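Trainee: Could you take me through one part of this model closely? I would like to see how that part fits with the rest.

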Amino acid sequence: MMVYYGTRKKLKTVKQLGRMRCTNCGHEVDASLAKETGYFHIFFIPLFPVFGYKIIFCPCCGIMKKLTNEEFKEMKE
Ligand SMILES: [Zn+2]
């Protein structure tokens, strides 16, 4: 029997930040404040989180910037 397991990423948008220039790819994009969490799964059932990032999400390249907890808190308000 094959056992399917591995990690899957989940992106959760927290707040829309509006138009801004991405510092990673240089495009002007609709950026959003987001949390990206990686889950370990077996048969695609998430079991536990293996990593979590607080990021500014760029729809063009993915991650514009990883944020510290303080930066995330500031931008959320
Ligand atoms: Zn970008």
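Which residues form the largest nonpolar core, and how many are there?

Mentor: Happy to! Two notes on reading the model come before the core. Each chain is numbered from 1, in the order in which its sequence is written. The model is predicted, so local features need a pLDDT of at least 70 and side-chain atom pairs count only at pLDDT 80 or more, whereas totals for chains, interfaces and linings use all residues.

Now to your question. The largest nonpolar core has nine residues: Cys22, Val29, Ala31, Ala34, Ile55, Ile56, Phe57, Cys58 and Met64. Here a nonpolar core means a set of buried Ala, Val, Leu, Ile, Met, Phe, Trp, Tyr and Cys residues joined through C-beta atoms within 7 Å. A residue is called buried if 20 or more other C-beta atoms lie within 10 Å of its own, exposed if 12 or fewer do, and partly exposed in between, with the C-beta atoms placed from the backbone. As a general background, nonpolar side chains tend to be buried together in soluble globular proteins.

Where does the core come from? Strands S2 and S3 each supply at least two of its residues, and S3 gives the most, with four. Helices (H or I, at least four residues) and strands (E, at least two) are DSSP runs, numbered from the N terminus. One core member to look at is Cys58. Leaving out residues up to four places away in sequence, Cys58 touches Cys22, Asn24, Cys25, Val29, Ala31, Ile63 and Met64. Contact means that the C-beta atoms of two residues, placed from the backbone, lie within 7 Å.

Let us step back to the strands around this core. The protein has one helix and four strands, and from the N terminus on its elements run β-β-β-β-α. The four strands form an open sheet in the order S1-S2-S3-S4, with antiparallel pairing. Strands count as paired if DSSP finds at least two bridges between them. At the edges are S1 (5-21) and S4 (62-67), each pairing on one side only. From one strand to the next, the twist averages 40°; the axes are lines fitted to C-alpha atoms (for helices, over the stretch in contact), and angles run from 0 to 180 degrees between N-to-C directions.

On one side of S2 (28-42), the antiparallel S1 is joined to S2 by 15 bridges. Among the partners, Arg19 is matched with Asp30, Arg21 with Glu28 and Lys12 with Lys35. S1 is hardly covered, with zero buried residues among its 17. The hairpin of S1 and S2 leaves six residues between the strands, and Gly26 in that turn has a positive phi of about 85°.

Ser32 lies in S2 and gives a good view of that strand. It counts as partly exposed because 18 C-beta neighbours lie inside 10 Å. Beyond its neighbours within four places in sequence, Ser32 is in contact with Thr13, Lys15, Gln16, Leu17 and Phe57. The C-alpha atoms of Ser32 and Phe57 are 5.2 Å apart, although 25 residues separate them along the chain.

S2 and S3 also run antiparallel, and 11 bridges join them; Gly38, for example, stands opposite Phe51 in S3. Their hairpin has two residues between the strands. In that loop, Phe43 has a phi near 50° and Phe44 a phi near 65°. Most residues other than glycine have a negative phi. Phe43 is exposed because it has 8 other C-beta atoms within 10 Å, and Phe44 is exposed because it has 10.

Finally, place the core in the whole protein. Of its 77 residues, 12% count as buried. The radius of gyration is 15 Å, while a compact globule of 77 residues would be near 11 Å; this radius is taken over C-alpha atoms, and the globule rule is 2.2 Å times the number of residues to the power 0.38. The C-alpha trace spans about 50 × 25 × 15 Å along its principal axes.
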